[in-house]
Each structure stands twice: as structure tokens, then as C-alpha cells.
Amino acid sequence: MKAIIFDLDGTLVDSMGYWRSVSRDFMKTKGIDIEDAVQHKMTTMNLDASLKYLREYYNLEESFDELMSGFSKTVEDFYANKVDLKENCLEILKYFKDQGKKVVIGTSTADHFANIVIKKYGIDKLVDGLYTADSVGYLKAEEEFYLSIAHSLGEKSEKILLVDDSYLALRTAKRAGLKTAGIYDENSKETWKTIVEENENSLENLIDLKKL
């Protein structure tokens with residue numbers, strides 16, 4: 001294993017509960033209750049794609065720009081003032097960094113939002129790069145997302161490990177040839193059984209990555 005790609009939300013930072021609630025709460029103001037299948041599908045999308053998907057799926061009357069404006073201010077406040085790190089986040093990043101591994105973040109979250117929390121907690125000093133769906137040009141549901149990162153790192157797919165709490169992202173990474181490790185997140189516990197069944201490695205705490 002030459003490199004590790006860490007997801008951000010639900011993996012390094014404890015934010016998936018917020019993302020679920022903000023999407024559901026936002027849609028409830030429009031009299032819509034988001035189905036679980038829609039919510040899971042959005043975990044591999046960036047914010048632009050998520051809003052476009054919601055707008056089209058539920059036939060919303062607002063323009064994309066109106067939806068984005070309403071979301072952005074709320075999300076900025078969350079990442080700046082409310083989000084917490086997952087347990088042992090900084091320790092495991094430093095552990096792999098000290099081993100000389102290439103450590104990067106691969107996330108659906110927009111660069112601007114991701115950088116707020118990454119810099120706040122000093123994560124930026126422990127990783128070699130931030131790859132977002134916006135910067136890579138592909139969604140996490142597309143194999144090209146992971147292949148592009150592998151190319152950027154100069155490593156073969158099979159030499160890279162993805163650590164993620166989304167079973168959809170893990171499935172896609174496996175198809176792209178990466179090694180995978182599913183990490184438990186309370187907010188997606190209903191998919192934990194699927195993650196355990198489909199991945200060679202399934203961990204309940206980031207510190208368990210030391211055992212791999």
C-alpha cells in the first residue's frame with residue numbers, strides 16, 4: 001500500500017448527521033420528505049450535483065442559484081463552528097504520514113467548504129492533497145474519480161487504499177481496482193452490514209487502520 005485516500009464527511013469529520021438533517025430539513029420546508037434511497041445516492045455527489053438532482057427529482061420551482069445561495073451560508077457556518085473530528089482522526093493521519101505513505105482526502109464536498117474544516121483542525125498539515133468532485137471533474141460514484149487521483153499520485157490503483165463510510169463509494173473504488181476499508185459511521189449504520197459483507201476490511205474506529 002503506497003497511498004491512502006480518506007473520505008472527509010463521516011470518515012474524518014463527524015458531519016453526516018448534519019448533511020442528512022440539513023437536506024431533509026431544507027426539503028421539508030417545501031413539503032417534501034426525502035426518501036432514504038435518494039439520501040444515499042447523494043452521498044457520492046458534490047453539492048452542485050446534489051442540488052441539481054433534488055431540483056430535478058422533486059421538480060422544484062426555484063432556480064439552481066436560489067437553491068445554492070440558501071444552502072451555502074448554512075454549510076459555511078457548520079464547517080466553521082459546529083463540526084467535530086472523528087475519534088483518532090489526527091493520530092491516524094500522522095501515523096501514515098510518518099510511515100511515508102501518500103495521504104490524501106477524496107471528497108464530494110466542495111473545495112471551499114472542505115478547506116474550512118481541514119484548516120481549522122490542522123488536517124491540511126497531515127495530508128498531501130485534497131481532491132474533490134469539483135477539482136477532479138468526476139463524482140465519487142464514477143470510477144474515473146479514483147483513477148484520476150491514482151494518476152495524480154503516480155500510483156497503480158491496487159496500491160491505493162480508500163477509507164470511506166459510503167458503501168456506494170467503496171463499491172465504485174473496488175471496481176476501479178483500489179483496496180477498500182469501510183469505516184463505521186453512526187449516521188449510516190443501516191448500511192454497515194453491506195459494508196462488512198462487501199469489503200475485505202471493515203473498521204469501527206480509525207485507529208484500527210494500524211492493524212492493516
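On the surface of this predicted model, K2, K156, K159 and K179 come together in a patch of positive charge. To be placed in a patch, a residue needs over 30% relative accessible area and no salt bridge, and like charges are joined within 9 Å, while nonpolar side chains (Val, Leu, Ile, Met, Phe, Trp, Tyr) are joined within 5 Å. Lys and Arg count as positive and Asp and Glu as negative, with His and the chain ends not counted. The place of each charge is taken as NZ of Lys, CZ of Arg, CG of Asp or CD of Glu. Accessible areas come from the Shrake-Rupley method with a 1.4 Å probe, and for residues only the protein chains shown count as cover.

One member of the patch, K179, sits in strand β7 (residues 179–183); helices (H or I, at least four residues) and strands (E, at least two) are DSSP runs numbered from the N terminus. K179 is partly exposed, because its relative accessible area is 44%. Here buried means under 20% relative accessible area, exposed means over 50%, and partly exposed is what falls in between (1.4 Å probe, protein chains only).

A couple of words on the ground rules. Residues are numbered from 1 along each chain as its sequence is written, and side-chain values use heavy atoms, with hydrogens and water left out. Since the model is predicted, local features need pLDDT of at least 70 and side-chain atom pairs count only at pLDDT 80 or more, whereas totals for chains, interfaces and linings use all residues.

Next come the salt bridges. A search of the whole structure turns up 15 of them, each being a side-chain nitrogen of Lys or Arg within 4 Å of a carboxyl oxygen of Asp or Glu. The general idea is that side chains of opposite charge can pair when their charged atoms come close. D164 and K140 make such a bridge through their side chains, at 2.7 Å from N to O. D164 belongs to strand β6 (residues 160–164) and K140 to the loop between α7 (133–136) and α8 (143–153), so this pair ties together parts that are 24 residues apart in sequence. Both D164 and K140 are buried. With D7 added, K140 and D164 form a network of salt bridges.

Another bridge joins the side chains of R171 and E198, at 2.8 Å from N to O. This pair links distant parts of the chain, with R171 in helix α9 (residues 167–175) and E198 in helix α10 (residues 192–198), 27 residues apart. R171 is partly exposed at 33% relative accessibility, and E198 is partly exposed at 26%.

E186 and K189 also meet in a salt bridge, at 3.0 Å from N to O. E186 is partly exposed, since its relative accessibility is 43%. K189, placed in the loop between β7 and α10, is partly exposed with a relative accessible area of 47%. K189 and D165 are 24 residues apart in sequence, and their C-alpha atoms are 9.4 Å apart in space.

Now for the backbone. N59 has a phi near 55°, a positive value in a residue other than glycine. N59 is part of the loop between α3 (47–57) and α4 (64–81), and counts as exposed because its relative accessibility is 64%. N88 likewise is a residue other than glycine with a positive phi, near 65°. The loop between β3 (84–85) and α5 (89–98) holds N88, which is partly exposed at a relative accessible area of 24%.

Finally, some buried residues and their contacts, where contact means heavy atoms within 4.5 Å. S108 lies in the loop between β4 (102–107) and α6 (111–120) and is buried at 6% relative accessibility. Setting aside neighbours within four places in sequence, S108 touches T43, T44, M45, N46, L47, A133 and K140. V104, in strand β4, is buried because its relative accessible area is 1%. Leaving out neighbours within four places in sequence, the contacts of V104 include I4, I5, F6, V127 and D128. V104 and E197 are 93 residues apart along the chain, and 26 Å separates their C-alpha atoms. V117 is found in helix α6 and counts as buried, as its relative accessibility is 0%. Again leaving aside neighbours within four places in sequence, V117 is in contact with L8, V13, Y79 and V83. The C-alpha atoms of V117 and K82 are separated by 9.6 Å, with the two positions 35 residues apart along the chain.
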